[in-house]
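Subject: Handover of a structure and its findings

Dear colleague,

Please find below the structure that I am handing over to you. My findings follow after it.

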Amino acid sequence: MIRLTTHQRNWGFGLCFLYLRNVKQFGWNHKRVYRIYRELELNLRIKPRQRLVREKPLALAVPAQINEVGSMDFMHDQLADGRSIRLFNVIDDFNREGLCIDVDFSLPSERVVRSLDQVIEWRGAPKAIRCDNGPEYISAVTLVYRDASVL
């Protein structure tokens, strides 16, 4: 076993046991092989995880006037009978005014586009809209809408 672990330095107990059992045809069970493996102190060193150093993100720019930057996002909740509901929210970042709250059991991308059209018709198109990369925003309908409009 010492010769096996010197030739195969990255093999742990599992690979050593399978090699001895399947290739060398030894009939030892895994408990015996593990006991000898531990007594010979052949354990592999467990490397500590490298922590990713992340830069601090820049603070969000504060808009200077109404209708400059808007935000949209989804929220979800659950009714007393266990059914889930979704809420689509659009707000103006300058004064935190709620421009649209759409509630339903399902909010597909066509519904998102329709709600945004209503907000734009009522308030005008903002210069920019902040959102995450949710499935409703990356669908084909929303992408076509985004390319065709101010978004």
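How much area does the protein chain expose, and what share of it do carbon and sulfur atoms supply? The exposed area is about 11800 Å², and carbon and sulfur atoms supply 55% of it; accessible areas come from the Shrake-Rupley method with a 1.4 Å probe, and for residues only the protein chains shown count as cover.

Please note that this is a predicted model, in which local features need pLDDT of at least 70 and side-chain atom pairs count only at pLDDT 80 or more, while totals for chains, interfaces and linings use all residues. Residues are numbered from 1 along each chain as its sequence is written, and side-chain values use heavy atoms, with hydrogens and water left out.

Overall architecture

The protein chain contains five helices and four strands. Helices (H or I, at least four residues) and strands (E, at least two) are DSSP runs, numbered from the N terminus. Their order from the N terminus is α-α-α-β-β-β-α-β-α. The protein chain has 151 residues, of which 28% count as buried; buried means under 20% relative accessible area, exposed over 50%, and partly exposed in between (1.4 Å probe, protein chains only). Of the contacts between residues at least 6 apart in sequence, 47% join residues at least 24 apart, where contact means heavy atoms within 4.5 Å.

The helical part

Helix α2 spans residues 13–23, and its buried residues are C16, F17 and L20. These residues are on the same side of α2 because they cover an arc of only 95 degrees around the axis; the arc is that of the directions from the helix axis to the C-beta atoms. In general, an α-helix has 3.6 residues a turn, so residues three or four places apart point the same way. The cover over the buried residues of α2 includes α1 (2–7) and α3 (30–39).

Q25 follows α2 and is found in the loop between α2 and α3. Although Q25 is not a glycine, its phi is positive, at about 65 degrees. Q25 counts as exposed, at 60% relative accessibility.

On the surface, I2, I36 and L40 make a nonpolar patch of about 230 Å². Patches are made of residues with over 30% relative accessible area and no salt bridge (a side-chain nitrogen of Lys or Arg within 4 Å of a carboxyl oxygen of Asp or Glu); like charges are joined within 9 Å, and nonpolar side chains (Val, Leu, Ile, Met, Phe, Trp, Tyr) within 5 Å. Of this patch, I2 lies in helix α1 and is partly exposed, with a relative accessible area of 48%.

The strands

Strands β1 (residues 69–78) and β2 (residues 84–92) pair in the antiparallel sense over nine bridges; two strands pair if DSSP finds at least two bridges between them. In this pairing, H76 stands opposite R86 in β2. The hairpin of β1 and β2 has five residues between the strands, and G82 in this hairpin takes a positive phi near 100 degrees.

β2 also pairs with strand β3 (residues 97–104), in the antiparallel sense and over seven bridges. Here D92 stands opposite E97 in β3. The hairpin that β2 and β3 form has four residues between them. R96 belongs to the loop between β2 and β3, and its phi is positive, near 60 degrees, in a residue other than glycine. R96 is exposed, with a relative accessible area of 59%.

Yours sincerely
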